[in-house]
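Okay, thanks for coming, everyone. Let me put the sequence and the structure up, and then I'll talk you through what I found.

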Amino acid sequence: MTIQHRVLVTGASGFVGGEIYRYLLDSGYETIGLTKNNKNQNEDFYYFDLEDIDSDKKYFRNITTLVHCAARVHISKEGDGSDFFKINVKGTFELLLAAKKNNIRNFIYISTTAVYGLDSCNDLICQSSTVFPRTEYAKSKLDAENLVSEYCETNDINFLIIRCPMIYGRNAPGNFRALFDFSNSNKPIIKSFNQSVRSFLYVKNLVDFISLSIKESNYSSTVIISDSKDMSASDFMCKIRKRLKPKCTMCFLYLPKFLLCTIFVSMNRKKIYLNLFCDFRIEKNIYSGQIDWIPPYSLDDALEDICNI
């Protein structure tokens with residue numbers, strides 16, 4: 001196979017970046033991974049720090065597409081946004097400078113639907129929805145998005161900003177890890193009387209979309225993608241538990257929504273409540289007029305992979 005694309009992936013030792021890196025490599029792309037994890041370095045895996053970018057490094061040479069996954073997601077003090085700015089905003093800007101200097105023509109930025117807030121108040125999220133970032137992380141991602149679009153338009157670089165809802169998959173960290181671990185226990189599954197429905201994104205669907213985008217290489221837009229089917233976090237946990245514990249008798253704890261919220265707030269876990277138990281639905285078939293894409297993996301496909309432990 002003739003290599004037509006040479007792809008550079010930041011955050012390639014992380015959950016999302018690692019999936020993208022391995023898929024592209026297995027698909028025959030010439031792929032280079034950048035990571036802050038020293039243990040993962042090899043001839044196509046290099047140490048990389050968003051706070052100390054050297055645009056003269058050899059891994060920037062002859063790249064056709066840069067996929068930027070690396071980001072600061074969590075911090076010990078949510079009120080201090082300085083690390084989010086330094087890494088997610090300033091680091092992204094330095095990466096854009098390196099892309100221009102090395103004549104990288106395509107820039108793909110992995111962002112988040114958290115730029116719309118943490119719940120959709122029963123309205124469908126679409127491109128025209130008003131952005132309302134509530135956390136320092138979401139604010140930094142929106143600031144970085146604005147940098148990417150403005151810089152790339154000014155310097156004739158194709159760009160694609162992908163806003164993702166909760167990304168899940170095998171060994172996913174964060175809120176999905178908590179959801180999975182709870183599903184694998186014998187504790188009653190919490191259900192509210194008025195179930196909230198959310199959009200999720202299986203990591204392999206994201207990878208497929210990125211692979212298609214690299215082949216297209218002719219875009220300058222912001223898109224929102226998700227799985228084809230939405231569901232409540234409670235139903236998600238039920239499906240996982242049925243896979244992991246097929247002989248387990250399902251037990252449920254039904255709570256009014258206001259009481260469920262009160263419990264999470266009292267445990268200083270309001271963000272978990274907002275991320276799992278509030279409505280957040282993305283309008284389907286809005287991906288882009290430039291990229292014709294349908295999620296290839298169903299929820300059953302995802303669960304087959306995730307629960308095969």
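One definition before anything else: when I say buried, I mean under 20% relative accessible area, while exposed is over 50% and partly exposed sits in between. And keep in mind that this is a predicted model.

So, the overall picture. The protein chain has nine helices and 13 strands. Its radius of gyration is 20 Å, close to the 19 Å that the globule rule gives for 309 residues, so the chain is as compact as a globular protein of that length. If you look along the principal axes, the C-alpha trace spans about 55 × 40 × 40 Å. Of the 309 residues, 52% are buried.

Now cysteines, since somebody always asks. How many disulfides does the structure hold? Zero. Take C238, which is in no disulfide: the nearest cysteine sulfur belongs to C248 and is 10 Å away. C238 also counts as buried, at 9% relative accessibility. Then there's C307. Why is there no bond from C307 to its closest cysteine sulfur? That sulfur is in C238, 13 Å from the one in C307, which is too far for a bond; a disulfide here needs the two sulfur atoms within 2.5 Å. And is C307 buried or exposed? C307 counts as buried, because its relative accessibility is 12% and the cut-off for buried is under 20%.

On to charges. A search of the whole structure turns up 16 salt bridges, and I'll pick out a few.

Start with D49 and K36, which form a salt bridge with their closest N and O atoms 3.7 Å apart. D49 is in the loop between β3 (45-47) and β4 (65-68), and K36 is in the loop between β2 (30-35) and β3, so this pair ties together parts that are 13 residues apart in sequence. The two ends sit in different classes of exposure: D49 is buried, with a relative accessible area of 16%, and K36 counts as partly exposed at 49%.

Next, R72 bridges to D83, and here the closest N and O atoms are 3.8 Å apart. This one links distant parts of the chain, eleven residues apart, with R72 in the loop between β4 and α2 (82-101) and D83 in helix α2 itself. R72 counts as partly exposed, at 29% relative accessibility.

The third is R105 with D156, with the closest N and O atoms 3.8 Å apart. R105 lies in the loop between α2 and β5 (106-112), and D156 lies in the loop between α3 (136-154) and β7 (158-164), so the pair ties together parts that are 51 residues apart in sequence. R105 counts as partly exposed at 30%, whereas D156 is exposed, with a relative accessible area of 60%.

Some bridges share partners, too: E51, R72, D83 and K86 are joined that way into one network.

Rings next. The count comes to 15 aromatic pairs. Which residues do ring pairs link into a cluster? Y168, F176, F200, Y202, F236 and Y297.

Last stop, the surface. F258, L259, I263 and M267 make a nonpolar patch of about 380 Å². One of these, I263, is found in helix α7, residues 257-266. I263 is partly exposed, with a relative accessible area of 32%, so it clears the over-30% cut-off for joining a patch.

That's my tour. Questions?

Terms used. Residues numbered from 1 in each chain as written. Predicted model: local features only at pLDDT ≥ 70, side-chain atom pairs only at ≥ 80, totals over all residues. Heavy atoms only, no water. Phe/Tyr/Trp six-rings, centres within 6.5 Å; stacked < 30°, edge-to-face > 60°. Patch = residues over 30% accessible without salt bridge, like charges linked within 9 Å, V, L, I, M, F, W, Y side chains within 5 Å. Areas by Shrake-Rupley, 256 points an atom, 1.4 Å probe, with all protein chains shown as cover. Salt bridge = Lys/Arg side-chain N within 4 Å of Asp/Glu carboxyl O. Helix = DSSP H or I, 4+ residues; strand = E, 2+ residues; numbered from the N terminus. Buried < 20%, exposed > 50% of the residue type's maximum accessible area, 1.4 Å probe, protein only. Rg over C-alpha atoms; globule rule 2.2 N^0.38 Å.
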